[in-house]
Every structure is written in C-alpha cells, then in structure tokens.
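Visitor: I would like a close look at a single part of this model. Please keep it brisk and stay with the details.

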Amino acid sequence: QVQLVESGGGLVQAGGSLNLSCAASGIILRINTMGWYRQAPGKQRELVAAITRGGSRNYADSVKGRFTISRDNAKNTVYLQMNSLKPEDTAVYYCNAPGVIARQGIGDYWGQGTQVTVSS
C-alpha cells in the first residue's frame with residue numbers, strides 16, 4: 001500500500017516562510033512526477049507546483065519566484081519551500097504523485113493534506 005504523508009504546515013505571518021515535505025512509503029519501484037496542489041475554502045483545488053523525476057519544474061503563476069519545489073528520488077520525497085507568503089496562500093496543501101509504479105501496480109496517490117494559514 002502506497003501512502004503519501006505530508007508535514008510542515010502551520011500558521012505564519014505574511015512575509016514569512018514554510019517548508020512542506022511529502023514522503024511516499026510502500027514498496028515503490030518508481031515515481032515519475034510529484035506535485036503540490038492547494039484548496040482554499042470555497043475554491044477548486046489548483047496545481048501549485050510539480051517536478052518530474054528528472055527535475056523539470058513548473059509553477060502556478062501566482063507562486064513563481066516565491067515557491068520552490070524539489071525532490072529526493074532516493075527518499076521518494078518532495079518538498080515545497082514557500083517564501084514571502086501572502087494571506088491568499090492560505091489553503092490546505094496536498095501532495096500528489098500520479099502514475100506511481102509500485103508492487104501492486106500503477107496508481108495515482110494523494111496525501112491527506114496539511115493546513116497552511118498566513119495571517120496579515
């Protein structure tokens with residue numbers, strides 16, 4: 001059973017920083033793309049950033065220049081360094097790994113979510 005477990009959320013003042021982590025566990029053969037999504041109250045879930053196994057990155061326009069996504073393939077872990085946080089970044093952040101090749105087959109996995117709250 002593959003699981004994604006996030007950590008690092010919390011409450012921070014505007015202008016501050018947080019670093020999110022997401023570790024995948026289970027008998028995993030390969031993880032291709034890993035990404036972070038977020039969902040604010042009353043809004044749809046949106047892609048924040050994604051990174052391929054080879055290190056290619058893409059970001060939502062709203063976070064470019066402020067957030068950095070990275071990963072450690074050996075640890076099956078993805079990170080999201082968030083700087084210059086704004087109140088509009090407040091949301092539940094979810095880790096996603098589509099197309100995970102594991103012992104039980106190929107699947108799309110989500111973490112349980114971690115709350116990020118930015119106060120003004």
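Which residues form a disulfide, and how far apart are their sulfur atoms?

Guide: A word on the source before the details: this is a predicted model. The disulfide joins cysteine 22 and cysteine 95, with their sulfur atoms 2.1 Å apart. The structure holds 1 disulfide. The bond links distant parts of the chain, as the two cysteines lie 73 residues apart. Cysteine 22 belongs to strand β3, residues 18–25. Cysteine 95 belongs to strand β10. About the S-S bond the angle is -80°, and the link is left-handed.

Next, the surroundings of the two cysteines. Cysteine 22 has a relative accessible area of 0%. The cut-off for buried is under 20%, so cysteine 22 is buried. Cysteine 95 is also at 0% relative accessibility, and therefore counts as buried.

Now follow the strand of cysteine 22. Strand β3 is part of an open sheet of 4 strands. The order is β1-β3-β9-β8, with antiparallel pairing. The edges are β1 (3–7) and β8 (67–72), and each of these pairs on one side only. From one strand to the next, the twist averages 15°. Between β1 and β3 there are 5 bridges, in the antiparallel sense. One bridge can be named: valine 5 has alanine 23, in β3, as its partner.

Turn next to the strand of cysteine 95. Strand β10 spans residues 91–102, and a loop runs between β9 (77–82) and β10. Aspartate 89 sits in that loop. Its relative accessible area is 1%. With the limit for buried at under 20%, aspartate 89 is therefore buried.

What does the side chain of aspartate 89 reach? One polar contact, at 3.0 Å, is with the side chain of arginine 38. The aspartate 89 side chain also reaches the backbone nitrogen of lysine 86, at 2.8 Å. Set aside the neighbours within four places in sequence, and aspartate 89 is in contact with Arg38, Arg66, Phe67, Ser84, Val116 and Val118. Arg38 thus appears twice for aspartate 89: in the contact list and as the side-chain partner at 3.0 Å.

To retrace the path: start at the disulfide of cysteine 22 and cysteine 95. Step along β3 to its antiparallel partner β1. Then return to β10 and go back to the loop that holds aspartate 89.

Conventions. Residues are numbered from 1 along each chain as its sequence is written. This is a predicted model: local features need pLDDT of at least 70, side-chain atom pairs count only at pLDDT 80 or more; totals for chains, interfaces and linings use all residues. Side-chain values use heavy atoms; hydrogens and water are left out. Buried means under 20% relative accessible area, exposed over 50%, partly exposed in between (1.4 Å probe, protein chains only). A polar contact is a pair of N or O atoms within 3.5 Å; within protein, one must be able to donate a hydrogen and the other to accept it, and residues adjacent in sequence count only if both atoms are side-chain atoms. Contact means heavy atoms within 4.5 Å. A disulfide is a pair of cysteine sulfur atoms within 2.5 Å. Two strands pair if DSSP finds at least two bridges between them. Axes are lines fitted to C-alpha atoms, for helices over the stretch in contact, and angles run from 0 to 180 degrees between N-to-C directions.
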